[in-house]
Amino acid sequence: MAGPGSSPCASCKLLRRRCAKDCIFAPYFPPDDPHKFAIVHKVFGASNVSKMLQELPVHQRADAVNSLVFEANARVRDPVYGCVGAISYLQNQVSQLQMQLAVAQAEILCIQMQNEPTLQSHHHVLELDQDHKALLLQNNNNNINNCSNNNNNNNNNLGYAMSSGQFNSNFASPSSIMQMQMQMQMQDPLKQESLWT
Amino acid sequence: MNPKRCAACKYLRRRCPKDCIFAPYFPPNDPAKFACIHRIYGAGNVSKMLQQLPEQTRAEAVESLCFEAKCRVDDPVYGCVGIIHLLQTQIQNAQNELAKTQAEVAVAQTNLSQTQNSDF
């Protein structure tokens with residue numbers, strides 16, 4: 001056991017083995033949360049987790065464990081898509097927001113063009129812009145209605161989305177998600193700060 | 001040995017049975033795919049996961065497992081959770097930008113209607 005008076009960590013309890021003083025799991029799997037290790041062991045396996053932790057510097061292991069727990073939970077909730085389902089859902093949200101943003105920016109441009117005094121003398125140009133504006137706003141309103149209908153059925157809270165399983169219907173092809181991953185990593189390296197603070 | 005062993009059985013150096021659970025998803029011409037998934041999840045865990053799924057969903061499950069395994073190899077600390085965090089940040093930024101832009105639209109519309117009223 002870990003020591004006189006101290007109970008074994010959750011992993012050694014589950015694996016029914018002696019919890020050594022330098023047990024690699026002990027700092028991250030306390031005995032009062034057996035579910036945490038159970039789910040990671042179910043998806044990844046204790047030996048794989050041990051290998052992964054051994055390859056990491058000590059100060060990064062807590063974050064690694066938390067991300068493994070997150071992925072394992074996602075996989076248990078959604079055995080087919082796991083975290084990829086959540087990624088697809090969020091990617092869809094980003095696209096919708098970017099579309100709404102483009103619509104709003106186009107609307108500002110239209111209004112600014114109407115406000116421009118130089119355009120008053122070119123009446124036919126203003127009419128053309130108004131026609132285009134009407135067409136643009138009609139299309140934009142359709143897009144906004146579609147976006148708001150979709151958003152009403154969605155929820156920005158990842159936990160809620162994962163538990164309700166709504167992101168499954170928006171699964172993009174894995175290859176497109178992998179391409180997106182490479183683009184995002186080039187644009188925004190974010191690995192410096194902890195995700196869990 | 002059967003020369004047409006799937007990538008999994010080749011990697012595991014075993015006979016590839018006719019009903020091998022890995023064979024439909026790990027063709028022999030792509031050994032890296034199974035190697036990556038085995039490194040993170042282990043063949044036994046992948047086999048168990050696939051056995052618990054209906055056959056028509058197994059291909060998607062394998063692809064998502066491969067993607068997550070690759071993310072974990074590329075980023076051993078955060079894996080694909082890093083991508084989720086990045087997307088959440090993008091969503092937050094886009095929402096802030098959208099709110100700001102929609103406020104600007106409201107102001108611009110107010111200014112326009114005031115200008116039009118003063119013209120009359």
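Here are some numbered notes to help you find your way around this predicted model.

1. **Chain A at a glance.** A good place to begin is the overall make-up of chain A, which has 8 helices and 0 strands. Reading along its sequence therefore gives the pattern α-α-α-α-α-α-α-α. Chain A has 197 residues, and 41% of them count as buried. If you look at contacts between residues at least 6 apart in sequence, 57% join residues at least 24 apart.

2. **How the two chains meet.** Next, turn to the place where chain B touches chain A. Chain B brings 49 residues to the contact and chain A brings 55. The size of an interface is often given as the accessible area lost when the parts come together. For chain B and chain A that area is about 4,700 Å², with 70% of it on carbon and sulfur atoms. Between the two chains there are also 2 salt bridges, and 13 residue pairs are in polar contact.

3. **The chain B side of the contact.** Which helices of chain B each supply at least two residues to the side that touches chain A? They are helix 2 (31–40), helix 3 (43–51), helix 4 (55–74) and helix 5 (81–119). Helix 5 of chain B gives the largest share, with 24 residues. Sorted by class, this side of chain B has 23 nonpolar, 16 polar and 10 charged residues.

4. **A salt bridge between chains.** Side chains of opposite charge can pair when their charged atoms come close. A pair worth finding on screen is A:R75 with B:E68, whose closest N and O atoms are 3.0 Å apart. A:R75 sits in helix 4 (residues 58–77) of chain A and B:E68 in helix 4 of chain B, so this salt bridge joins two chains. Both A:R75 and B:E68 are buried.

5. **Salt bridges inside chain B.** Over all chains, a search of the whole structure finds 4 salt bridges. One of them links B:E63 and B:K33, with closest N and O atoms 2.9 Å apart. Because B:E63 is in helix 4 of chain B and B:K33 in helix 2 of chain B, the pair ties together parts that are 30 residues apart in sequence. B:E63 is partly exposed at 30% relative accessibility, while B:K33 counts as buried at 17%. Another salt bridge joins the side chains of B:K70 and B:D74 at 2.9 Å, N to O. These two residues are 4 apart in helix 4 of chain B, so about one helical turn separates B:K70 from B:D74. B:K70 is partly exposed at 32% relative accessibility, and B:D74 is partly exposed with a relative accessible area of 42%.

6. **Aromatic rings.** How many aromatic pairs does a search of the whole structure find over all chains? There are 8. Among them are A:F25 and A:F29, an edge-to-face pair with 6.0 Å from centre to centre and 65° between the planes. A:F25 is buried at 1% relative accessibility, and A:F29 is buried at 1% as well. In chain B, the ring centres of B:F26 and B:F34 are 5.2 Å apart and the planes are at 85°, so this pair is edge-to-face too. B:F26 counts as buried at 0% relative accessibility, and B:F34 is buried with a relative accessible area of 0%. B:F26 and B:F34 belong to one aromatic cluster that also includes B:Y11 and B:F22.

7. **A residue to click on: B:A61.** Is B:A61 buried or exposed? At 0% relative accessibility, B:A61 counts as buried because buried means under 20%. B:A61 is in helix 4 of chain B. Leaving out residues up to four places away in sequence, B:A61 touches A:R75, A:P79, A:V80, B:L50 and B:L53. A:R75 is the residue that forms a salt bridge with B:E68.

8. **Two backbone angles to check.** A:R16 is not a glycine, yet its phi is positive, at about 55°. A:R16 lies in the loop between helix 1 (10–15) and helix 2 (34–43) of chain A, and it is exposed, with a relative accessible area of 78%. In chain B, B:R13 also has a positive phi, near 55°. B:R13 is in the loop between helix 1 (7–12) and helix 2 of chain B and counts as exposed at 73% relative accessibility.

Notes
Residues numbered from 1 in each chain as written. Chains lettered and ligands numbered in written order. Predicted model: local features only at pLDDT ≥ 70, side-chain atom pairs only at ≥ 80, totals over all residues. Heavy atoms only, no water. Contact = heavy atoms within 4.5 Å. Buried area = accessible area lost by both parts, 1.4 Å probe. Polar contact = N/O pair within 3.5 Å; in protein donor to acceptor, adjacent residues only side chain to side chain. Nonpolar A, V, L, I, M, F, W, Y, C, P; charged D, E, K, R; others polar. Phe/Tyr/Trp six-rings, centres within 6.5 Å; stacked < 30°, edge-to-face > 60°. Buried < 20%, exposed > 50% of the residue type's maximum accessible area, 1.4 Å probe, protein only.
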